[in-house]
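Here is a short report on the structure below. It takes single residues and a bound ligand in turn.

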Amino acid sequence: MSTTSHAAEVRNEIAEVAALATSAEHLMTEMTKILHQRMTRYNWVGFYMLERAAGEEPMLALGAFQGAMTPHTRIPLNQGICGAAASSGKTVVVDDVSSDSRYLACSIETKSEIVVPIFAGGEVAGELDIDSHFHAAFTAEDRALVEYCAQLVGNLLEQKRA
Ligand code: SME
């Protein structure tokens with residue numbers, strides 16, 4: 001019997017794609033596809049990238065995603081679970097979105113959510129957001145997988161800046 005967990009298999013698949021990725025954009029697109037397809041409780045998977053324009057409020061802009069179109073294509077840092085993760089620089093896991101007043105609804109089916117910041121050069125550059133139709137879908141193992149994905153993207157973004 002195999003002792004490798006499903007999440008560990010998916011992590012290996014993503015590591016292989018990351019090793020061959022030619023750009024952060026390419027990696028983000030492939031990652032959303034793999035996570036959405038292979039992690040069956042990940043019903044919406046997408047990136048928001050932080051835009052900082054001089055004289056304008058910083059904004060999270062929707063990037064590569066898989067799942068239904070969301071009404072939230074641009075999110076200010078003081079709004080939503082997405083804003084909370086980006087402004088604190090910390091992973092946010094919400095087991096029951098209906099009991100979190102910060103939550104901005106994307107789909108009425110969403111029950112739980114995880115948002116993991118992406119760092120490049122020591123600063124938040126964006127985040128990976130995943131919604132599930134299942135209550136408390138994100139375990140410690142899921143969190144480790146999603147944080148690993150965010151780190152791979154951060155590494156590529158840093159290479160681009162270097
Ligand atoms: N639920 C997020 C908004 C993004 S959608 O889930 C895709 C939030 O509360 O920030």
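Thr70 counts as buried, because its relative accessibility is 5% and the cut-off for buried is under 20%. The model is predicted. Thr70 is found in the loop between β2 and β3. Strand β2 covers residues 59-66, and strand β3 covers 74-76. Val45 makes a useful reference point for Thr70: the two are 25 residues apart in sequence. In space, their C-alpha atoms are 11 Å apart.

**Two partly exposed residues**

Glu13 lies in helix α1, which runs over residues 6-20. Its relative accessible area is 27%, so Glu13 is partly exposed. Partly exposed is the class between the buried limit of 20% and the exposed limit of 50%. Glu13 can also be placed against Met31. They are 18 residues apart in sequence, and 9.5 Å separates them in space, C-alpha to C-alpha.

Ala136 falls in the partly exposed class because its relative accessible area is 33%. Its place is in the loop between β6 and α4, the latter spanning residues 140-161. The backbone of Ala136 deserves a look. Ala136 is not a glycine, yet its phi is positive, at about 50 degrees. Most residues other than glycine have a negative phi.

**The ligand and its shell**

Where does the ligand sit? It sits in the largest cavity. A shell of 13 residues surrounds the ligand. The closest are Ile81, Cys82, Leu104, Glu113 and Asp131. By type, the shell divides into 8 nonpolar, 2 polar and 3 charged residues.

Which elements each supply at least two residues of this shell? They are β1 (44-51), α3 (80-88) and β6 (123-132). The largest share comes from α3, with 3 residues.

Polar backbone atoms of the protein approach the ligand as follows.

| Ligand atom | Residue with the polar backbone atom | Distance |
|---|---|---|
| oxygen | Ile81 | 2.9 Å |
| oxygen | Cys82 | 2.8 Å |
| nitrogen | Leu104 | 2.8 Å |

Taken alone, the ligand exposes 300 Å². The protein buries 100% of that area.

To recap the ligand site: the ligand occupies the largest cavity, with 13 residues around it. Helix α3 gives the largest share of them. Ile81 and Cys82 each place a polar backbone atom by a ligand oxygen, at 2.9 Å for Ile81 and 2.8 Å for Cys82. For Leu104, the partner is a ligand nitrogen.

Notes
Residues numbered from 1 in each chain as written. Predicted model: local features only at pLDDT ≥ 70, side-chain atom pairs only at ≥ 80, totals over all residues. Heavy atoms only, no water. Near = heavy atom within 4 Å. Polar contact = N/O pair within 3.5 Å; in protein donor to acceptor, adjacent residues only side chain to side chain. Areas by Shrake-Rupley, 256 points an atom, 1.4 Å probe, with all protein chains shown as cover. 1 Å grid on protein atoms, 1.4 Å probe; cavity = no way out; pocket = protein on both sides within 12 Å on 5 of 7 lines; lining within 4 Å. Sits in = over half its atoms within 2 Å of the grid points. Helix = DSSP H or I, 4+ residues; strand = E, 2+ residues; numbered from the N terminus. Nonpolar A, V, L, I, M, F, W, Y, C, P; charged D, E, K, R; others polar. Buried < 20%, exposed > 50% of the residue type's maximum accessible area, 1.4 Å probe, protein only.
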